[in-house]
Amino acid sequence: MIEVVNLHKSFGDLKVLKGVNTKIKKQEVVCVIGASGSGKSTFLRCLNLLEEPDEGEIYIDGISLLEHKKDINRLRQKVGMVFQQFNLFPHMTVMENITLAPIKLKGMTKSQAEEKAMELLHKVGLPDKNDQYPNHLSGGQKQRVAIARALAMDPEIMLFDEPTSALDPEMVGEVLNVMKQLANEGMTMVVVTHEMGFAREVGNRIMFMDEGIIFDEGPHEQRFINPQKERTREFLDKVL
Amino acid sequence: MNSIIKVLSDAIYYNLIREQRYMLFVQGLGISLQLTFYSAIIGTILGLFLALAKLSKIKIFERLATIYVDVIRGTPVVVQLVIIYYAILGSSSLPKIAVASIAFGLNSGAYVCELIRAGIMAVDKGQMEAARSLGFSYSQAMAYIIIPQAIKNILPALVNEFIVLLKETAIAGYIALDDLTRAGNIIRGRTFDAYTPFILVAAIYLYITTILTWLLGKLERRLHESD
């Protein structure tokens, strides 16, 4: 479903990605872990071209993203993204946040989009928040709305960029539960996270990134990383 | 006591009543307000385009807009006014108020450009990323997500710019346009009294700017209601 070949990305003189190669299968849940500065967020942001790679190729369903930059807006509709800082639109209600893209980009009518939005709000457990503004929600609620907003475009893949890192500890669970449910429904997910418990329980595969490459990987069957290398062991000792 | 009343009533009579001189103030105020209104419209539209040019990825637009803003902000508005009136539009048959509106509008545009640019830049960059990740194009993201939020940052500063503009139009007399300040000067010429007409002129400006400032305060409170 996603194939990444020899991905390189620099910011000025700083080389962040130094040749990332991986394949992500349909319905797979891949958790990306690693120290800050290891390139994991940059890798994730390359997958929907929020960052443009300097070198390498990204294929989604066999279509090269970099060769189809003109169609990027259409291709991005297939890839939902959830951000650390939520990035809800503060001037719109929860309902408007969720329905804006389906109405403007998919040509849904307002009532179709709202019906779908209500379904999604039920799914993330916030059916009564539809007419609230984001500033009146807690962090956990904001993130659940952000997930619903991304799902409203019927994406084939969901990218999560440290979705629980900006949350108070007591709100982490509610967001992880929604993500777990999504994984159980068969959504293809790439999750950059520090939540090792979640990674272990939900992730089909764990990628450990270091120094701009995928340094170590726990295979599908194992469901958890088997620290083959010293660096991975050190990192896991620190976070567990 | 009687002499004070006599001085005041004389001042009012000679500066306002005689020859219906108050009409000069009324007409002058009308000109000042019209001039402010037209130049505010020109300045806002020009400023919006300049701001978009400055934020544009197309280098030539960005360069041209930057040069324009630097030239306008680096030279006195009164010099710009006389250059446009005597040199650039000297041979045209446009009415003076139109020429002055263009001059003040071109000047204000440079300042409005910076207000709008700052207002857009102040919107968190995650908003653009979230919009793009949903599949919106850059211009759709600007229209639906960024500009509606930027307006909240821009509107109060824009009203403030209009207040500044009203006061700046006081130099329109340089091209013999009979605005409020020049009305005061005409009356001074007839009555040989410098105090009364100019203090009246100042009071009228103060009155109008106070109203605008009050409206600005109301507007700011309205805009922050959804926070």
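**Chain B: fold, surface and contact with chain A**

Of the 227 residues in chain B, 39% are buried. The model is predicted. Chain B contains nine helices and zero strands, and its contact with chain A takes 19 residues from chain B and 24 residues from chain A.

**Fold and dimensions**

- In sequence order, the elements of chain B follow the pattern α-α-α-α-α-α-α-α-α.
- The radius of gyration of chain B is 22 Å, whereas a compact globule of 227 residues would have a value near 17 Å.
- The C-alpha trace of chain B extends over about 80 × 45 × 25 Å along its principal axes.
- When contacts in chain B between residues at least 6 apart in sequence are considered, 73% of them join residues at least 24 apart.

**Surface and charge**

- Chain B has an accessible surface of about 12,400 Å², and carbon and sulfur atoms account for 68% of this area.
- Chain B carries 20 positive and 15 negative charges, and the mean positions of these two sets lie 2 Å apart.

**Contact with chain A**

- Between them, chain B and chain A bury about 1,800 Å², with 60% of that area on carbon and sulfur atoms.
- On the chain B side, the most area is lost to chain A by Glu129(B), Ser133(B) and Leu134(B), which together contribute 31% of what that side buries.

Definitions and conventions. Residues are numbered from 1 along each chain as its sequence is written. Chains are lettered from A and ligands numbered from 1 in the order in which they are written. This is a predicted model: local features need pLDDT of at least 70, side-chain atom pairs count only at pLDDT 80 or more; totals for chains, interfaces and linings use all residues. Side-chain values use heavy atoms; hydrogens and water are left out. Helices (H or I, at least four residues) and strands (E, at least two) are DSSP runs, numbered from the N terminus. The radius of gyration is taken over C-alpha atoms; the globule rule is 2.2 Å times the number of residues to the power 0.38. Buried means under 20% relative accessible area, exposed over 50%, partly exposed in between (1.4 Å probe, protein chains only). Contact means heavy atoms within 4.5 Å. Accessible areas come from the Shrake-Rupley method with a 1.4 Å probe; for residues, only the protein chains shown count as cover. Lys and Arg count as positive and Asp and Glu as negative; His and the chain ends are not counted. The place of a charge is taken as NZ of Lys, CZ of Arg, CG of Asp or CD of Glu. Buried area is the accessible area (1.4 Å probe) that two parts lose on being put together, summed over both.
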